[in-house]
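Let's take a walk through this structure together. Have the sequence and the 3D view open side by side, and we'll start from a single residue and work outwards.

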Amino acid sequence: MNIDAIIQKAGGVTEIAQLTGVGSEAVRKWRQSGTVPAKHWPALLHVPGITLADLNDTSEEAPSMSHASNTTRPNGATAALALADGTLLWGRGFGAHNDAAVGELCFSTGMTGYQETLTDPSFAGQIVTFTFPHIGNVGTNPEDNEAPTMAALGLVVKEDVTAPANWRSTKSLNEWLIAQGRSGISGIDTRFIARTLRDKGPQTAVLSFPRNGQIDVDALKEKARTWPGLVGMDLAKDVTQGKRHWTETVWQNQRPEKDVKRRVVALDYGAKDNILRSLVSAGCDVHVLPGTATGEEILALKPEGVFLSNGPGDPAATATYAVPAIEAVLNADVPIFGICLGHQLLARALGGSTYKLERGHRGANQPVKDITTGKVEITSQNHGFAVDEKSLPETVKVTHVSLFDGSNEGIASTVKEAFSVQYHPEASPGPTDSFYLFERFVSVMDRRANTQGTTQKAGA
Ligand SMILES: NC(=O)CC[C@H](N)C(=O)O
């Protein structure tokens, strides 16, 4: 919304001046510059029809290397970001050199946890824009990785990365990126990117930070325009780490250790380490299998429960091999808990379908309502696909919903012990409001073991 539309919504120049406690002269100045100073936004948010997004649109452009400039390369520009719609943004490269990393451009609103975000395997095939302007301030450390390598193809930030200041830091973000072989670009107007993705939906982009400094703008734009996009891509098979016995708990675990541990097979479609740690902390003995494991391979481990992990790419593509395996687990009546890609795959195995969202959810402040209790959780999220509620059969109930856009955030089968959520109860980064889901999974297995125990005793 432009400034004139905002003035009109507020009832005119005199009214807006009164509302904000400034003189009409000040309002005229806002009109000239096209911006409303942020300190007056709270007063204007009371006016029906004016939203934060509208005011954001009027705010001054953040100082950046260039704003959607298509022609001249500014002095000092060493990297560029080309979007599929023809936009070219110049910036300063950091991290490792790469001629042209191509993938889906997305943005995350998380204010902390850039290292966890960059190593979340679900970001494979994507270039992450951080809307929080200061990235890199706390450096990197060996404990905050969610997987051994960085899955995201690159990162886009506003401010240049400065020297780290944190007692846990062992490497600067710049050095760490060099070791990961990934590039970053700074000096970018990240609000412009957020708005573009908001208004136009998902966009492919190419991040170029070439060693020789030569950037062929037209070639980059062409590459961005012709990349096929994430729809139809199975990326889980590229990031799964396969078979292992996981024993680590969450960092600074305070939960008492359980006497009996429930034997869980965790299917790794690109699992974040903190999910495995959370399962252990909640009382599971975690045996990880690759996401490509068959039903037979899973059931051969005699699990008391099966966990379906998060992961990158299009769930419809991964479903080709994952769904038959999940169906075998459902048929064997083994309890299931799924997160994110695991949620989408469970929905498909139960008869539902998935679709690509116009606006993905990425950040650590996403409100979700638990429909059963009415309680709201603030959740960590990273997904671009979603479960289509209309496609769900009667035997599946909706348990959680996004308070941002009403899309599905959780389901449960009414005939099997199987439930899943679209968000990330393991946080990392983000709030831990939803840890109860790991405990719920364990209590389902406890209940099963107890009833089976009773049955056995009764039969003996
Ligand atoms: N975090 C995830 O598991 C992401 C799931 C899926 N790749 C999506 O984008 O929706």
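Leaving aside its neighbours within four places in sequence, which residues is Cys340 in contact with? In this predicted model, the list runs to Ser122, Asn310, His383, Gln422 and His424. Cys340 itself sits in the loop that links β12 to α14. It counts as buried because it has 29 C-beta neighbours inside 10 Å, and the cut-off for that label is 20 or more.

The UniProt record gives a reason to start here: its unreviewed entry puts the feature "active site" at Cys340, His424 and Glu426. These span 87 residues in sequence, but no two of their C-alpha atoms are more than 11.3 Å apart, so they gather at one spot. Glu426 belongs to the loop between β17 and α15 (436–459). With 27 other C-beta atoms within 10 Å, Glu426 is buried. Setting aside neighbours within four places in sequence, Glu426 is in contact with Lys272, Asn274, Ile275 and Ser278.

Now for the ligand. Cys340 is one of the residues surrounding it, along with Ser122, Asn310, Gly311, Pro312, Gly313, Leu341, Asn382, His383, Gly384 and Phe385. Sorted by type, this shell has four nonpolar residues, seven polar ones and no charged ones. Strand β14 provides the largest share, four residues.

How does that compare with the record? The unreviewed UniProt entry has a "binding site" annotation covering Ser122, Gly311, Gly313, Leu341, Gln344, Asn382, Gly384 and Phe385. Those positions are spread over 264 residues of sequence, yet they cluster in space, with a largest C-alpha distance of 13.2 Å.

Two of these positions deserve a visit. Gly313 lies in the loop between β11 (305–308) and α13 (315–331), and it is buried because 26 C-beta neighbours fall inside 10 Å. Beyond four places in sequence, its contacts include Gly125, Leu230, Met233 and Thr318. Phe385, by contrast, is found in a strand, β14 (residues 376–388). With 20 C-beta neighbours inside 10 Å, Phe385 counts as buried, since 20 or more is what the label asks for. Among its contacts beyond four places in sequence are Asp314, Pro315, Gln344 and Tyr355.

Zoom out and you'll find the sheet that these strands belong to. It is open, has 10 strands with mixed pairing, and runs in the order β8-β10-β9-β11-β12-β17-β16-β15-β13-β14. β8 (244–246) and β14 stand at the edges with a single partner strand each, so one side of each has no neighbour in the sheet. On average, neighbouring strands are turned by 20 degrees against each other, direction ignored. Helix α14 (residues 341–349) lies across β11, β12 (336–339), β13, β14, β16 and β17 (418–421), and runs at about 125 degrees to β12.

Finally, follow the strands towards the β14 edge. β13 (residues 353–370) pairs with β15 (residues 396–402) in the antiparallel sense over three bridges. Here Asp370 stands opposite His400, and Lys369 is opposite Val401. On to the next pair: β15 and β16 (residues 408–413) are antiparallel too, over five bridges, with Val398 partnering Ile411. These two strands form a hairpin with five residues between them, and in the turn Gly406 has a positive phi of about 75 degrees.

Definitions and conventions
Residues are numbered from 1 along each chain as its sequence is written. This is a predicted model: local features need pLDDT of at least 70, side-chain atom pairs count only at pLDDT 80 or more; totals for chains, interfaces and linings use all residues. UniProt positions are given in the numbering used here, feature names are shortened, and annotations may be inferred rather than shown by experiment. A residue is buried if 20 or more other C-beta atoms lie within 10 Å of its own, exposed if 12 or fewer, and partly exposed in between; C-beta atoms are placed from the backbone. Two residues are in contact if their C-beta atoms, placed from the backbone, lie within 7 Å. Two strands pair if DSSP finds at least two bridges between them. A residue is near a molecule or strand if its C-beta atom, placed from the backbone, lies within 6 Å of it. Ala, Val, Leu, Ile, Met, Phe, Trp, Tyr, Cys and Pro count as nonpolar, Asp, Glu, Lys and Arg as charged, and the others, Gly among them, as polar. Axes are lines fitted to C-alpha atoms, for helices over the stretch in contact, and angles run from 0 to 180 degrees between N-to-C directions.
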